[in-house]
Amino acid sequence: MPSAVMWFRRDLRLGDLPALGLAAGAADAVVPLFVLDPRLYEPAGPNRRHFLACTLTQLDRQLAGNLVVRRGNPAEVVPAVAAEAGARTVAVTADFGPYGARRDRAVAAALGRQGAVLRAAGSPYLVEPGTLRSAGGGRFAVFTAYLRALERAGWAAPVPAPPARFTRLRCDGGPDDLLGPHAQPGEHGLPAWWKDLPLGLAGHLPPAGELAAHAALGRFVEHNLGTYAQRRDNPGADATSRLSAYLHFGSLHPRTVLEVVGTGSGADRLRTELAWRDFYADVLWHHPRSAREPLQAFGRHLRWDSGAAARRRFEAWATGTTGYELVDAAMRQLLQEGWVHNRARMVAASFLVKDLHLDWRLGARWFMWHLVDGDLASNQHGWQWVAGTGTDAAPFHRVFNPELQRERFDADRTYVRRYARAAAVDPAGGAGPEAADPGAPRRHAAVIDHASERREALARLAEARQSAAMGAELGGPRGVGRPGPGHREKS
Ligand SMILES: Cc1cc2nc3c(=O)[nH]c(=O)nc-3n(C[C@H](O)[C@H](O)[C@H](O)COP(=O)(O)OP(=O)(O)OC[C@H]3O[C@@H](n4cnc5c(N)ncnc54)[C@H](O)[C@@H]3O)c2cc1C
(Lines give C-alpha, C1' and ligand atoms only; values in the text may rest on other atoms or scores of the structure.)
Protein backbone atom coordinates (compact mmCIF):
# COMPACT_ATOMS: atom_id res chain seq x y z
CA MET A 1 0.00 0.00 0.00
CA PRO A 2 1.49 3.40 -0.92
CA SER A 3 2.56 5.62 1.97
CA ALA A 4 3.67 9.20 2.26
CA VAL A 5 6.22 10.38 4.80
CA MET A 6 5.41 13.28 7.12
CA TRP A 7 8.83 14.56 8.13
CA PHE A 8 8.34 16.56 11.36
CA ARG A 9 10.89 19.26 12.19
CA ARG A 10 9.91 22.48 13.96
CA ASP A 11 6.20 21.60 13.70
CA LEU A 12 5.79 18.99 16.43
CA ARG A 13 1.99 18.92 16.55
CA LEU A 14 -1.00 17.41 14.77
CA GLY A 15 -3.39 20.38 14.84
CA ASP A 16 -3.26 23.22 12.32
CA LEU A 17 -0.52 21.54 10.29
CA PRO A 18 -0.92 22.03 6.52
CA ALA A 19 1.95 19.63 5.75
CA LEU A 20 0.06 16.80 7.42
CA GLY A 21 -2.91 17.46 5.15
CA LEU A 22 -0.53 17.28 2.22
CA ALA A 23 0.88 13.92 3.35
CA ALA A 24 -2.57 12.47 4.14
CA GLY A 25 -3.86 13.58 0.74
CA ALA A 26 -0.93 12.01 -1.12
CA ALA A 27 -1.30 8.38 0.04
CA ASP A 28 -3.44 5.96 2.03
CA ALA A 29 -1.09 5.85 5.00
CA VAL A 30 1.37 8.27 6.56
CA VAL A 31 4.74 7.37 8.08
CA PRO A 32 5.50 10.07 10.70
CA LEU A 33 9.25 10.68 10.89
CA PHE A 34 11.59 12.76 13.02
CA VAL A 35 15.29 12.87 12.17
CA LEU A 36 17.67 13.74 14.97
CA ASP A 37 20.16 15.76 12.98
CA PRO A 38 23.49 16.12 14.85
CA ARG A 39 24.07 19.45 13.13
CA LEU A 40 21.07 20.88 14.95
CA TYR A 41 20.92 19.14 18.29
CA GLU A 42 24.60 19.01 19.22
CA PRO A 43 24.99 22.78 19.64
CA ALA A 44 21.78 22.86 21.74
CA GLY A 45 22.24 22.74 25.49
CA PRO A 46 20.60 20.18 27.77
CA ASN A 47 17.44 22.25 28.28
CA ARG A 48 16.45 22.25 24.62
CA ARG A 49 17.52 18.64 24.17
CA HIS A 50 15.43 17.59 27.15
CA PHE A 51 12.43 19.61 26.01
CA LEU A 52 12.75 18.16 22.51
CA ALA A 53 12.86 14.60 23.87
CA CYS A 54 9.73 15.25 25.97
CA THR A 55 7.97 16.90 23.01
CA LEU A 56 8.74 13.91 20.79
CA THR A 57 7.51 11.53 23.47
CA GLN A 58 4.21 13.41 23.62
CA LEU A 59 3.93 13.48 19.83
CA ASP A 60 4.56 9.76 19.69
CA ARG A 61 1.72 9.23 22.18
CA GLN A 62 -0.61 11.29 20.01
CA LEU A 63 0.47 9.11 17.06
CA ALA A 64 -0.32 5.92 19.01
CA GLY A 65 3.37 4.94 19.07
CA ASN A 66 3.90 5.28 15.33
CA LEU A 67 6.55 8.03 15.33
CA VAL A 68 9.73 6.86 13.65
CA VAL A 69 12.81 8.52 15.15
CA ARG A 70 16.10 8.11 13.33
CA ARG A 71 19.46 9.72 13.84
CA GLY A 72 21.77 10.99 11.11
CA ASN A 73 22.18 13.24 8.12
CA PRO A 74 18.68 13.96 6.73
CA ALA A 75 20.01 13.86 3.17
CA GLU A 76 20.66 10.15 3.77
CA VAL A 77 18.04 9.24 6.36
CA VAL A 78 14.96 10.76 4.69
CA PRO A 79 15.46 9.09 1.28
CA ALA A 80 16.18 5.79 3.08
CA VAL A 81 12.92 6.03 5.04
CA ALA A 82 10.99 7.04 1.91
CA ALA A 83 12.40 4.00 0.10
CA GLU A 84 11.49 1.67 3.00
CA ALA A 85 7.97 3.10 3.08
CA GLY A 86 7.60 2.96 -0.70
CA ALA A 87 6.78 6.67 -0.49
CA ARG A 88 6.83 9.03 -3.46
CA THR A 89 5.97 12.05 -1.32
CA VAL A 90 7.74 13.45 1.71
CA ALA A 91 5.75 16.32 3.22
CA VAL A 92 7.32 19.06 5.33
CA THR A 93 6.66 22.49 6.77
CA ALA A 94 9.05 24.78 4.90
CA ASP A 95 12.19 25.79 6.78
CA PHE A 96 13.59 29.28 6.17
CA GLY A 97 16.69 29.15 8.37
CA PRO A 98 20.10 29.26 6.64
CA TYR A 99 20.98 25.65 7.47
CA GLY A 100 17.44 24.28 7.12
CA ALA A 101 16.98 25.68 3.61
CA ARG A 102 20.34 24.20 2.51
CA ARG A 103 19.51 20.86 4.07
CA ASP A 104 16.13 20.74 2.35
CA ARG A 105 17.69 21.37 -1.05
CA ALA A 106 20.04 18.43 -0.45
CA VAL A 107 17.18 16.18 0.70
CA ALA A 108 15.00 17.18 -2.28
CA ALA A 109 17.87 16.36 -4.68
CA ALA A 110 18.47 12.97 -3.05
CA LEU A 111 14.74 12.13 -3.14
CA GLY A 112 14.58 13.23 -6.76
CA ARG A 113 17.23 10.64 -7.66
CA GLN A 114 14.89 7.88 -6.46
CA GLY A 115 11.78 9.33 -8.10
CA ALA A 116 10.31 10.88 -4.95
CA VAL A 117 9.54 14.51 -4.09
CA LEU A 118 9.90 16.77 -1.07
CA ARG A 119 6.74 18.89 -0.87
CA ALA A 120 6.40 21.82 1.52
CA ALA A 121 3.25 23.39 2.90
CA GLY A 122 3.06 26.19 5.46
CA SER A 123 5.82 27.67 7.60
CA PRO A 124 6.40 28.23 11.32
CA TYR A 125 5.44 31.89 10.85
CA LEU A 126 2.38 34.02 10.20
CA VAL A 127 3.83 34.93 6.81
CA GLU A 128 6.70 33.16 5.10
CA PRO A 129 10.03 34.96 5.57
CA GLY A 130 11.11 36.83 2.43
CA THR A 131 7.51 37.35 1.26
CA LEU A 132 6.65 40.85 2.44
CA ARG A 133 8.16 43.81 0.64
CA SER A 134 8.24 47.51 1.42
CA ALA A 135 6.33 49.99 -0.76
CA GLY A 136 9.49 50.40 -2.84
CA GLY A 137 9.76 46.60 -3.25
CA GLY A 138 12.71 46.25 -0.87
CA ARG A 139 13.34 44.30 2.31
CA PHE A 140 12.44 45.71 5.72
CA ALA A 141 15.13 47.18 7.94
CA VAL A 142 12.98 48.29 10.88
CA PHE A 143 10.19 46.58 12.76
CA THR A 144 7.38 49.15 12.60
CA ALA A 145 7.30 49.16 8.79
CA TYR A 146 7.33 45.34 8.80
CA LEU A 147 4.47 45.23 11.30
CA ARG A 148 2.32 47.53 9.15
CA ALA A 149 2.98 45.38 6.08
CA LEU A 150 2.16 42.20 8.01
CA GLU A 151 -1.11 43.65 9.30
CA ARG A 152 -2.02 44.70 5.77
CA ALA A 153 -1.14 41.33 4.23
CA GLY A 154 -2.85 39.20 6.90
CA TRP A 155 -2.30 35.47 7.25
CA ALA A 156 -4.05 32.16 6.62
CA ALA A 157 -6.64 30.79 9.03
CA PRO A 158 -5.81 27.62 11.04
CA VAL A 159 -6.50 24.36 9.22
CA PRO A 160 -8.37 21.45 10.82
CA ALA A 161 -6.44 18.21 11.46
CA PRO A 162 -6.93 15.88 8.45
CA PRO A 163 -8.13 12.30 8.85
CA ALA A 164 -4.84 10.39 8.56
CA ARG A 165 -3.91 6.76 9.03
CA PHE A 166 -0.44 6.42 10.52
CA THR A 167 1.86 3.49 10.04
CA ARG A 168 5.26 2.69 11.45
CA LEU A 169 8.67 1.55 10.30
CA ARG A 170 11.72 0.52 12.29
CA CYS A 171 12.86 3.10 14.85
CA ASP A 172 16.43 3.74 16.02
CA GLY A 173 15.18 4.00 19.61
CA GLY A 174 12.99 6.27 21.73
CA PRO A 175 13.58 10.02 21.78
CA ASP A 176 15.48 9.80 25.08
CA ASP A 177 17.81 7.06 23.82
CA LEU A 178 18.83 9.25 20.93
CA LEU A 179 19.69 12.39 22.80
CA GLY A 180 22.95 11.17 24.25
CA PRO A 181 25.15 12.77 26.89
CA HIS A 182 25.29 16.52 27.23
CA ALA A 183 28.24 18.17 25.58
CA GLN A 184 31.22 19.41 27.53
CA PRO A 185 32.83 22.85 27.08
CA GLY A 186 35.23 22.76 24.20
CA GLU A 187 32.79 20.72 22.14
CA HIS A 188 30.40 22.31 19.67
CA GLY A 189 32.11 25.67 19.80
CA LEU A 190 31.69 26.31 23.53
CA PRO A 191 34.72 28.19 24.87
CA ALA A 192 36.93 25.83 26.89
CA TRP A 193 37.14 28.42 29.68
CA TRP A 194 33.42 27.87 30.39
CA LYS A 195 34.34 24.55 32.02
CA ASP A 196 33.71 25.78 35.57
CA LEU A 197 30.49 27.54 34.68
CA PRO A 198 27.03 26.00 35.10
CA LEU A 199 26.10 24.27 31.84
CA GLY A 200 23.69 21.63 33.15
CA LEU A 201 19.96 21.05 33.02
CA ALA A 202 17.70 23.69 34.61
CA GLY A 203 15.62 22.60 37.59
CA HIS A 204 12.29 23.86 36.27
CA LEU A 205 11.41 23.30 32.64
CA PRO A 206 7.83 23.60 31.37
CA PRO A 207 5.83 20.51 30.42
CA ALA A 208 6.28 19.69 26.73
CA GLY A 209 4.00 18.84 23.81
CA GLU A 210 0.96 20.07 21.95
CA LEU A 211 -1.48 19.47 24.80
CA ALA A 212 0.75 21.29 27.28
CA ALA A 213 1.06 24.16 24.77
CA HIS A 214 -2.71 24.50 24.49
CA ALA A 215 -3.03 24.31 28.27
CA ALA A 216 -0.47 27.14 28.63
CA LEU A 217 -2.37 29.19 26.06
CA GLY A 218 -5.65 28.54 27.91
CA ARG A 219 -4.11 29.66 31.22
CA PHE A 220 -2.75 32.79 29.60
CA VAL A 221 -6.15 33.70 28.14
CA GLU A 222 -7.88 33.09 31.45
CA HIS A 223 -5.44 34.87 33.76
CA ASN A 224 -3.26 37.32 31.85
CA LEU A 225 -4.62 38.27 28.44
CA GLY A 226 -6.81 41.04 29.87
CA THR A 227 -3.84 42.82 31.47
CA TYR A 228 -1.10 41.67 29.08
CA ALA A 229 -0.71 45.05 27.39
CA GLN A 230 -0.21 46.77 30.75
CA ARG A 231 1.82 44.18 32.66
CA ARG A 232 3.87 42.29 30.08
CA ASP A 233 6.94 44.43 30.72
CA ASN A 234 7.04 43.74 34.46
CA PRO A 235 9.12 40.62 35.03
CA GLY A 236 7.74 40.08 38.53
CA ALA A 237 4.13 39.98 37.29
CA ASP A 238 4.60 36.74 35.37
CA ALA A 239 2.01 38.12 32.98
CA THR A 240 3.34 36.94 29.61
CA SER A 241 2.20 33.89 27.69
CA ARG A 242 5.31 31.73 28.20
CA LEU A 243 4.59 30.21 24.80
CA SER A 244 8.04 30.79 23.28
CA ALA A 245 9.36 27.23 23.63
CA TYR A 246 6.13 25.78 22.22
CA LEU A 247 6.28 28.19 19.30
CA HIS A 248 9.94 27.37 18.69
CA PHE A 249 9.31 23.62 18.48
CA GLY A 250 6.02 24.12 16.67
CA SER A 251 3.80 22.53 19.32
CA LEU A 252 1.62 25.51 18.55
CA HIS A 253 1.41 27.74 15.48
CA PRO A 254 1.24 31.53 15.98
CA ARG A 255 -1.93 31.79 13.86
CA THR A 256 -3.63 29.32 16.23
CA VAL A 257 -2.57 31.55 19.13
CA LEU A 258 -4.04 34.63 17.44
CA GLU A 259 -7.26 32.81 16.61
CA VAL A 260 -7.66 31.77 20.25
CA VAL A 261 -6.89 35.18 21.78
CA GLY A 262 -9.38 36.96 19.47
CA THR A 263 -9.58 40.75 19.74
CA GLY A 264 -8.92 43.41 22.37
CA SER A 265 -5.92 45.30 23.69
CA GLY A 266 -4.17 42.16 25.00
CA ALA A 267 -4.66 40.36 21.67
CA ASP A 268 -3.40 43.41 19.77
CA ARG A 269 -0.27 43.54 21.87
CA LEU A 270 0.36 39.81 21.51
CA ARG A 271 0.01 40.12 17.74
CA THR A 272 2.73 42.77 17.81
CA GLU A 273 5.02 40.52 19.84
CA LEU A 274 4.45 37.59 17.49
CA ALA A 275 5.23 39.93 14.62
CA TRP A 276 8.71 40.43 16.11
CA ARG A 277 9.24 36.71 15.71
CA ASP A 278 8.21 36.90 12.06
CA PHE A 279 10.31 40.03 11.51
CA TYR A 280 13.52 38.48 12.81
CA ALA A 281 12.97 35.37 10.68
CA ASP A 282 12.53 37.68 7.69
CA VAL A 283 15.73 39.60 8.50
CA LEU A 284 17.66 36.34 8.86
CA TRP A 285 16.23 35.08 5.58
CA HIS A 286 17.49 38.18 3.77
CA HIS A 287 20.82 38.25 5.65
CA PRO A 288 21.74 34.65 6.54
CA ARG A 289 25.17 35.69 7.77
CA SER A 290 23.61 38.00 10.35
CA ALA A 291 23.32 34.93 12.58
CA ARG A 292 27.05 35.29 13.21
CA GLU A 293 28.07 38.73 11.96
CA PRO A 294 26.82 42.24 12.77
CA LEU A 295 24.00 43.32 10.50
CA GLN A 296 25.38 46.85 10.38
CA ALA A 297 28.84 47.26 8.93
CA PHE A 298 30.11 49.52 11.73
CA GLY A 299 29.55 46.64 14.18
CA ARG A 300 32.63 44.93 12.79
CA HIS A 301 34.74 47.82 14.05
CA LEU A 302 33.46 47.71 17.64
CA ARG A 303 36.24 46.96 20.07
CA TRP A 304 35.48 44.19 22.60
CA ASP A 305 37.45 43.27 25.71
CA SER A 306 39.14 39.90 26.07
CA GLY A 307 41.71 38.38 28.42
CA ALA A 308 41.55 37.21 32.02
CA ALA A 309 39.69 40.19 33.50
CA ALA A 310 37.11 40.10 30.72
CA ARG A 311 36.56 36.41 31.40
CA ARG A 312 36.03 37.08 35.09
CA ARG A 313 33.44 39.68 34.20
CA PHE A 314 31.70 37.24 31.89
CA GLU A 315 31.65 34.67 34.68
CA ALA A 316 30.07 37.20 37.07
CA TRP A 317 27.43 37.94 34.43
CA ALA A 318 26.76 34.28 33.62
CA THR A 319 26.37 33.27 37.27
CA GLY A 320 24.25 36.27 38.24
CA THR A 321 26.81 37.87 40.53
CA THR A 322 27.44 41.29 38.93
CA GLY A 323 25.94 43.23 41.83
CA TYR A 324 23.24 44.70 39.57
CA GLU A 325 20.02 43.17 40.85
CA LEU A 326 18.00 42.99 37.66
CA VAL A 327 20.91 41.59 35.63
CA ASP A 328 21.63 39.01 38.33
CA ALA A 329 17.99 37.96 38.66
CA ALA A 330 17.77 37.51 34.87
CA MET A 331 20.86 35.33 34.73
CA ARG A 332 19.73 33.21 37.66
CA GLN A 333 16.31 32.78 36.11
CA LEU A 334 18.08 31.51 32.98
CA LEU A 335 19.97 28.90 35.00
CA GLN A 336 16.92 27.82 36.97
CA GLU A 337 14.26 27.83 34.27
CA GLY A 338 16.00 27.96 30.88
CA TRP A 339 13.79 30.97 30.21
CA VAL A 340 14.02 34.69 31.00
CA HIS A 341 11.46 37.48 30.85
CA ASN A 342 11.93 39.73 27.80
CA ARG A 343 12.68 42.93 29.73
CA ALA A 344 15.24 41.08 31.84
CA ARG A 345 16.80 39.57 28.68
CA MET A 346 17.23 43.06 27.25
CA VAL A 347 18.78 44.51 30.40
CA ALA A 348 21.11 41.54 30.93
CA ALA A 349 22.20 41.55 27.29
CA SER A 350 22.79 45.30 27.31
CA PHE A 351 24.89 44.94 30.45
CA LEU A 352 27.17 42.37 28.81
CA VAL A 353 27.69 44.47 25.70
CA LYS A 354 27.68 48.04 26.97
CA ASP A 355 28.84 47.75 30.59
CA LEU A 356 31.23 44.81 30.32
CA HIS A 357 32.24 45.54 26.68
CA LEU A 358 32.05 41.88 25.71
CA ASP A 359 31.18 40.67 22.23
CA TRP A 360 27.42 40.12 21.84
CA ARG A 361 28.14 36.75 20.22
CA LEU A 362 29.53 35.45 23.50
CA GLY A 363 26.33 36.35 25.33
CA ALA A 364 24.19 35.04 22.48
CA ARG A 365 26.04 31.70 22.69
CA TRP A 366 25.42 31.50 26.44
CA PHE A 367 21.73 32.25 25.94
CA MET A 368 21.44 29.74 23.09
CA TRP A 369 23.00 27.05 25.24
CA HIS A 370 20.57 27.58 28.10
CA LEU A 371 17.31 28.85 26.61
CA VAL A 372 14.58 26.28 26.18
CA ASP A 373 13.12 28.62 23.55
CA GLY A 374 16.58 29.26 22.00
CA ASP A 375 15.87 30.26 18.43
CA LEU A 376 18.53 31.39 15.97
CA ALA A 377 16.56 34.27 14.44
CA SER A 378 14.99 35.65 17.64
CA ASN A 379 18.07 35.20 19.80
CA GLN A 380 20.77 36.48 17.47
CA HIS A 381 18.64 39.42 16.41
CA GLY A 382 17.47 40.09 19.96
CA TRP A 383 21.16 40.37 20.82
CA GLN A 384 21.98 42.46 17.77
CA TRP A 385 19.09 44.80 18.58
CA VAL A 386 20.46 45.30 22.09
CA ALA A 387 24.06 45.60 20.87
CA GLY A 388 22.95 48.29 18.42
CA THR A 389 24.39 46.42 15.47
CA GLY A 390 21.04 45.08 14.29
CA THR A 391 17.60 46.48 13.54
CA ASP A 392 17.13 48.94 16.42
CA ALA A 393 16.19 52.32 14.97
CA ALA A 394 18.01 54.07 17.88
CA PRO A 395 21.04 51.81 17.90
CA PHE A 396 24.10 51.89 20.10
CA HIS A 397 23.23 55.10 21.95
CA ARG A 398 20.54 53.22 23.84
CA VAL A 399 22.40 52.10 26.98
CA PHE A 400 20.06 50.59 29.54
CA ASN A 401 20.73 51.79 33.07
CA PRO A 402 20.24 48.55 35.05
CA GLU A 403 19.31 50.36 38.27
CA LEU A 404 16.72 52.61 36.61
CA GLN A 405 15.31 49.65 34.70
CA ARG A 406 14.86 47.81 37.98
CA GLU A 407 13.16 50.82 39.57
CA ARG A 408 10.87 51.24 36.57
CA PHE A 409 9.91 47.64 35.81
CA ASP A 410 10.35 45.91 39.17
CA ALA A 411 9.59 48.74 41.57
CA ASP A 412 8.51 46.47 44.44
CA ARG A 413 11.45 44.09 43.79
CA THR A 414 9.14 41.07 43.31
CA TYR A 415 11.31 39.74 40.49
CA VAL A 416 14.75 40.39 41.92
CA ARG A 417 13.71 38.93 45.29
CA ARG A 418 12.41 35.78 43.60
CA TYR A 419 15.82 35.02 42.14
CA ALA A 420 18.06 36.65 44.75
CA ARG A 421 18.33 33.50 46.81
CA ALA A 422 19.69 31.32 44.06
CA ALA A 423 23.17 32.83 43.95
CA ALA A 424 24.93 29.61 44.87
CA VAL A 425 25.94 27.99 41.63
CA ASP A 426 26.48 24.30 41.09
CA PRO A 427 28.76 23.91 38.04
CA ALA A 428 27.55 20.38 37.34
CA GLY A 429 23.84 20.83 37.47
CA GLY A 430 22.79 24.44 37.00
CA ALA A 431 21.28 26.37 39.86
CA GLY A 432 18.16 24.43 40.73
CA PRO A 433 16.25 24.85 43.96
CA GLU A 434 18.69 22.50 45.66
CA ALA A 435 21.42 25.05 44.99
CA ALA A 436 19.40 27.86 46.52
CA ASP A 437 20.94 29.89 49.27
CA PRO A 438 18.64 29.47 52.26
CA GLY A 439 19.89 32.71 53.81
CA ALA A 440 18.73 36.24 53.23
CA PRO A 441 18.80 37.64 49.67
CA ARG A 442 22.40 38.38 48.84
CA ARG A 443 23.68 41.36 46.91
CA HIS A 444 27.13 41.13 45.35
CA ALA A 445 29.56 44.01 45.12
CA ALA A 446 29.13 45.75 41.77
CA VAL A 447 31.66 44.50 39.21
CA ILE A 448 31.68 47.82 37.34
CA ASP A 449 30.47 51.39 37.66
CA HIS A 450 27.63 51.87 35.19
CA ALA A 451 28.13 55.60 34.65
CA SER A 452 31.76 55.28 33.59
CA GLU A 453 31.21 52.15 31.48
CA ARG A 454 28.39 53.94 29.69
CA ARG A 455 30.82 56.70 28.71
CA GLU A 456 33.30 54.04 27.58
CA ALA A 457 30.63 52.33 25.46
CA LEU A 458 29.71 55.59 23.75
CA ALA A 459 33.39 56.37 23.10
CA ARG A 460 33.85 52.96 21.50
CA LEU A 461 30.77 53.56 19.39
CA ALA A 462 32.18 56.83 18.07
CA GLU A 463 35.48 55.10 17.37
CA ALA A 464 33.79 52.24 15.50
CA ARG A 465 31.71 54.60 13.41
CA GLN A 466 34.79 56.59 12.50
CA SER A 467 36.72 53.43 11.54
CA ALA A 468 33.76 52.24 9.47
CA ALA A 469 33.53 55.60 7.70
CA MET A 470 37.28 55.61 6.97
CA GLY A 471 37.11 52.01 5.75
CA ALA A 472 34.25 52.92 3.43
CA GLU A 473 36.21 55.90 2.03
CA LEU A 474 39.15 53.59 1.33
CA GLY A 475 36.83 51.06 -0.29
CA GLY A 476 37.12 48.71 2.72
CA PRO A 477 34.75 45.90 3.64
CA ARG A 478 31.03 46.58 3.69
CA GLY A 479 27.98 44.59 4.60
CA VAL A 480 27.36 41.60 6.76
CA GLY A 481 29.98 38.97 7.27
CA ARG A 482 33.27 40.52 6.40
CA PRO A 483 36.03 40.22 9.04
CA GLY A 484 36.53 43.19 11.37
CA PRO A 485 39.66 44.34 13.17
CA GLY A 486 41.14 42.06 15.84
CA HIS A 487 40.01 42.33 19.43
CA ARG A 488 42.19 44.21 21.83
CA GLU A 489 43.34 42.44 24.96
CA LYS A 490 42.37 44.17 28.19
CA SER A 491 43.21 42.55 31.50
C1 LIG B 1 18.74 39.17 23.96
C2 LIG B 1 17.41 38.51 23.62
C3 LIG B 1 17.40 37.18 23.24
C4 LIG B 1 16.18 36.55 22.89
N5 LIG B 1 16.20 35.24 22.51
C6 LIG B 1 15.04 34.63 22.15
C7 LIG B 1 15.03 33.28 21.72
O8 LIG B 1 16.08 32.62 21.61
N9 LIG B 1 13.83 32.71 21.40
C10 LIG B 1 12.65 33.41 21.49
O11 LIG B 1 11.59 32.84 21.22
N12 LIG B 1 12.64 34.69 21.87
C13 LIG B 1 13.78 35.33 22.22
N14 LIG B 1 13.76 36.64 22.62
C15 LIG B 1 12.49 37.38 22.57
C16 LIG B 1 11.64 37.36 23.86
O17 LIG B 1 12.43 37.68 24.97
C18 LIG B 1 10.95 36.02 24.11
O19 LIG B 1 10.28 35.60 22.94
C20 LIG B 1 9.91 36.15 25.22
O21 LIG B 1 10.52 36.58 26.41
C22 LIG B 1 9.25 34.80 25.43
O23 LIG B 1 8.36 34.84 26.50
P24 LIG B 1 6.80 34.72 26.27
O25 LIG B 1 6.49 33.56 25.41
O26 LIG B 1 6.14 34.76 27.61
O27 LIG B 1 6.53 36.08 25.49
P28 LIG B 1 5.17 36.87 25.21
O29 LIG B 1 5.36 38.25 25.70
O30 LIG B 1 4.00 36.14 25.70
O31 LIG B 1 5.15 36.95 23.61
C32 LIG B 1 4.47 35.98 22.80
C33 LIG B 1 5.42 35.45 21.77
O34 LIG B 1 5.85 36.46 20.89
C35 LIG B 1 7.18 36.21 20.47
N36 LIG B 1 8.04 37.32 20.90
C37 LIG B 1 7.82 38.18 21.91
N38 LIG B 1 8.80 39.10 21.97
C39 LIG B 1 9.66 38.80 20.99
C40 LIG B 1 10.88 39.38 20.53
N41 LIG B 1 11.40 40.48 21.09
N42 LIG B 1 11.52 38.79 19.51
C43 LIG B 1 11.02 37.70 18.91
N44 LIG B 1 9.86 37.11 19.29
C45 LIG B 1 9.19 37.66 20.32
C46 LIG B 1 7.62 34.93 21.13
O47 LIG B 1 7.40 33.87 20.24
C48 LIG B 1 6.70 34.85 22.33
O49 LIG B 1 6.50 33.55 22.79
C50 LIG B 1 14.97 37.29 22.95
C51 LIG B 1 15.01 38.62 23.35
C52 LIG B 1 16.21 39.23 23.67
C53 LIG B 1 16.20 40.68 24.10
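In this predicted model, helix α11 (residues 254-261) and helix α12 have axes that come within 10 Å and cross at roughly 170°. Since angles over 145 degrees count as roughly antiparallel, that makes α11 roughly antiparallel to α12. On the α11 side, Pro 254, Val 257, Leu 258 and Val 261 take part, and they meet Gly 266, Ala 267, Leu 270, Arg 271, Leu 274 and Arg 277 in α12. Sorted by character, the residues of this contact are seven nonpolar, one polar and two charged.

Now to another helix pair. The axes of α16 (residues 360-370) and α17 (residues 376-387) come within 10 Å and cross at roughly 145°, and this crossing is right-handed. Helix α16 brings Trp 360, Gly 363, Ala 364, Phe 367 and Met 368 to the contact, while α17 brings Asn 379, Gln 380, Trp 383, Gln 384 and Ala 387.

Here are the groups of residues by character:

| Group | Nonpolar | Polar | Charged |
|---|---|---|---|
| Contact of α11 with α12 | seven residues | one residue | two residues |
| Contact of α16 with α17 | six residues | four residues | no residues |
| Shell around the ligand | twelve residues | ten residues | seven residues |

Let us turn to the ligand. Which of the 29 residues around the ligand come nearest? They are Thr 240, Ser 241, Ser 244, Asn 379 and Gly 382. The elements giving two or more residues to this shell are α10 (244-249), α12 (265-286), α15 (342-355) and α17. Helix α12 supplies the largest share, six residues. Domain 2 (125-157 + 209-286) and domain 3 (297-489) each give at least three residues to the shell.

How values were computed: Residues are numbered from 1 along each chain as its sequence is written. This is a predicted model: local features need pLDDT of at least 70, side-chain atom pairs count only at pLDDT 80 or more; totals for chains, interfaces and linings use all residues. Axes are lines fitted to C-alpha atoms, for helices over the stretch in contact, and angles run from 0 to 180 degrees between N-to-C directions. Helices (H or I, at least four residues) and strands (E, at least two) are DSSP runs, numbered from the N terminus. A crossing is left-handed if the near helix is turned anticlockwise from the far one by less than a right angle, and right-handed if clockwise. Two residues are in contact if their C-beta atoms, placed from the backbone, lie within 7 Å. Ala, Val, Leu, Ile, Met, Phe, Trp, Tyr, Cys and Pro count as nonpolar, Asp, Glu, Lys and Arg as charged, and the others, Gly among them, as polar. A residue is near a molecule or strand if its C-beta atom, placed from the backbone, lies within 6 Å of it. Domain bounds come from an automatic or database domain assignment. Angles under 35 degrees count as roughly parallel, over 145 as roughly antiparallel, 65 to 115 as roughly perpendicular and the rest as oblique.
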